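Me: I would like to go through this structure with you, beginning with a cavity and then turning to charged pairs.

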Amino acid sequence: MFVVFEGIDGSGKTTVSNKVAGKLRDTGLHVEHLREGGKFASRVTQAIREFGRDSRNFDLTPQAEFFLYVTRDVQLLDEMTRPALGKSDIVIADRFLYSAEIIGRFGRDLPEAWVRPVLAAAARDLEPDLVILVDIDPHIARARRRVAKVMTSDKRPPSRKGLSGVGMQQRFRAGYRELAAREPQRWVVVDNDQDLSLTVERVFALIEDAYKGGAPAAIERFRKDAITAPHRTPVPLSTAQDALAEFLRRVDQRAVREPHVAAYLLGGLFGAGADQRRKQLADSASDMILSGLSGLTDPVSWELRDLLKAKHPGRVARTLGSLARLHPRAPALRAELGKSVPVDVMLSMDSWDSDEAWALRDRLWGEFSDVVVGSLLRIDTPRAWALREKWLASKDAAAFTVYENARVICKSISGLDTDRAWDIRKGARDEAPISVVASLKGMMSDKAWKWRDRYLERAPKAVFDTISEVDDARAWDMRERLVGRCKEAVDSMFGLDGERAWKLRQGFADVWPSTVVKSLGALSSTPPGIKLIERQLRRYADNISLLKHAAAIALGAHLDPELGVD
């Protein structure tokens with residue numbers, strides 16, 4: 001029997017499929033999992049996946065990308081799947097040709113009539129007996145991915161798919177649901193927003209039943225036996241205070257089974273209700289509590305830093321950026337942490353041209369020159385340039401041929417519009433193109449706009465980050481071009497007033513329900529802002545991201561565009 005798991009990134013399909021495979025083996029069945037532990041069984045397939053993920057290849061056209069995904073799956077089918085079907089009781093695949101269809105049709109808008117014949121030729125009559133769509137709200141899926149990234153200190157460059165922005169996952173989910181509705185005799189949808197063990201048990205029982213009595217009958221029984229959650233009448237919401245109460249209720253629910261996700265949801269928030277929960281989660285989810293403290297200067301945030309500094313000195317040090325580094329309590333804490341985690345302290349002093357920052361740079365130069373150079377962003381002084389040139393000379397040709405080096409030097413020149421900075425961007429462009437784009441943040445020269453325009457279609461998320469809060473006609477033209485597909489276009493107008501801003505908020509309030517509220521900033525207290533918040537809460541009270549941003553408004557904590565769950 002051939003079983004396929006599908007779902008958006010962060011849905012939990014890989015985790016569920018691996019756990020189910022283990023339980024099936026425990027019953028004595030011979031089970032072949034083609035992506036055991038998260039890696040494809042075929043080395044060639046895994047290599048193709050990494051190529052497609054690599055952001056350096058972001059110039060791939062939609063058609064070429066589609067064929068790449070098909071190639072990946074054909075290699076796995078021929079090398080692993082077909083042979084395994086001849087010798088195993090059950091073969092489990094984490095993704096099939098459906099993934100290529102999803103990214104082609106729903107991600108890149110390729111015509112169905114063009115995509116489907118290619119997929120049929122690639123499959124050569126092989127179809128799964130059972131397809132399990134592991135379904136999850138994209139906001140929660142993103143929260144889980146962010147948690148995993150923090151917990152594993154994942155420093156990989158962003159994936160190509162990620163460059164298109166968060167909206168891509170929402171389109172993927174809609175696409176998967178459409179495919180499931182197209183073939184109900186083969187597909188089942190499993191909600192994974194519950195305790196993981198329950199999801200695993202349900203899927204295990206379904207596959208075991210399908211193996212014994214055939215997939216169609218098992219699918220029918222699965223649907224009949226589906227547990228219907230107790231109906232809860234939605235609480236009518238109309239104000240930010242209403243949203244705060246509902247948001248905190250949901251955080252409490254999430255904390256029982258996923259404390260790290262609950263802590264992530266609290267990131268950037270402080271004040272009544274949020275403070276109590278941050279303290280409660282400080283022990284069980286300390287990493288995520290600290291990741292949400294960045295720049296915060298309220299009393300409870302300082303209390304949490306003091307509480308966790310012995311256990312997590314590095315993470316505490318990195319929360320001292322932005323406004324927090326100017327707080328009266330910051331110098332003493334930096335001095336204390338600088339004895340054990342000076343590199344993390346340096347990371348909190350990015351772009352700071354103070355005597356304190358330079359003293360630490362001098363101390364760290366010999367052993368941690370990469371961190372020192374990376375901290376020079378937006379500093380356009382002879383002293384800073386001398387250090388950059390010294391670093392470049394020490395790396396020689398490797399400054400631009402090794403990704404990490406190219407990333408560091410691009411970070412170092414962020415916001416700088418000099419001829420030398422442009423030479424460096426050109427040198428780093430092939431190895432670290434997204435870092436080059438990120439370095440344009442805040443730059444308003446014609447050359448900067450030309451580079452943004454070059455990268456906009458392939459890496460809109462990165463481009464929009466460079467024009468956050470920019471009120472310029474060229475920025476508005478870019479936002480209006482892509483706002484229907486890229487929610488970061490709305491993110492980038494954080495706090496901006498004016499006719500074009502409100503036209504986008506009102507025109508796309510049903511496309512990006514939470515982001516239009518997030519974009520208000522201080523405008524949330526104006527009559528148009530209050531009216532928009534009330535409208536969104538009446539229509540989208542189940543949207544956890546909207547609840548968070550409305551809760552932030554109730555607490556008086558206008559979230560930075562980088563924070564949140566949408």
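Me: Which residues line the second largest cavity, and which helix gives the most to the lining?

Reply: The second largest cavity is lined by Phe2, Asp73, Leu76, Leu77, Thr81, Ala93, Arg95, Phe96 and Leu97. Here a cavity is a set of points, on a 1 Å grid over the protein atoms alone, where a 1.4 Å probe fits but cannot get out, and lining residues have an atom within 4 Å of a point. With helices taken as DSSP runs of H or I of at least four residues, numbered from the N terminus, the element that gives the most, four residues, is helix 3 (residues 62–85).

Me: On what basis do these values rest?

Reply: Residues are numbered from 1 along each chain as its sequence is written, and side-chain values use heavy atoms, with hydrogens and water left out. Local features need pLDDT of at least 70, side-chain atom pairs count only at pLDDT 80 or more, and totals for chains, interfaces and linings use all residues, since this is a predicted model.

Me: Which parts does the salt bridge between Lys395 and Asp370 tie together, and how many residues apart are they in sequence?

Reply: In this salt bridge (a side-chain nitrogen of Lys or Arg within 4 Å of a carboxyl oxygen of Asp or Glu), the closest N and O atoms of Lys395 and Asp370 are 3.3 Å apart. Lys395 lies in helix 20 (residues 382–395) and Asp370 in helix 19 (residues 369–374), so the pair joins parts whose separation in sequence is 25 residues.

Methods: 1 Å grid on protein atoms, 1.4 Å probe; cavity = no way out; pocket = protein on both sides within 12 Å on 5 of 7 lines; lining within 4 Å. Helix = DSSP H or I, 4+ residues; strand = E, 2+ residues; numbered from the N terminus.
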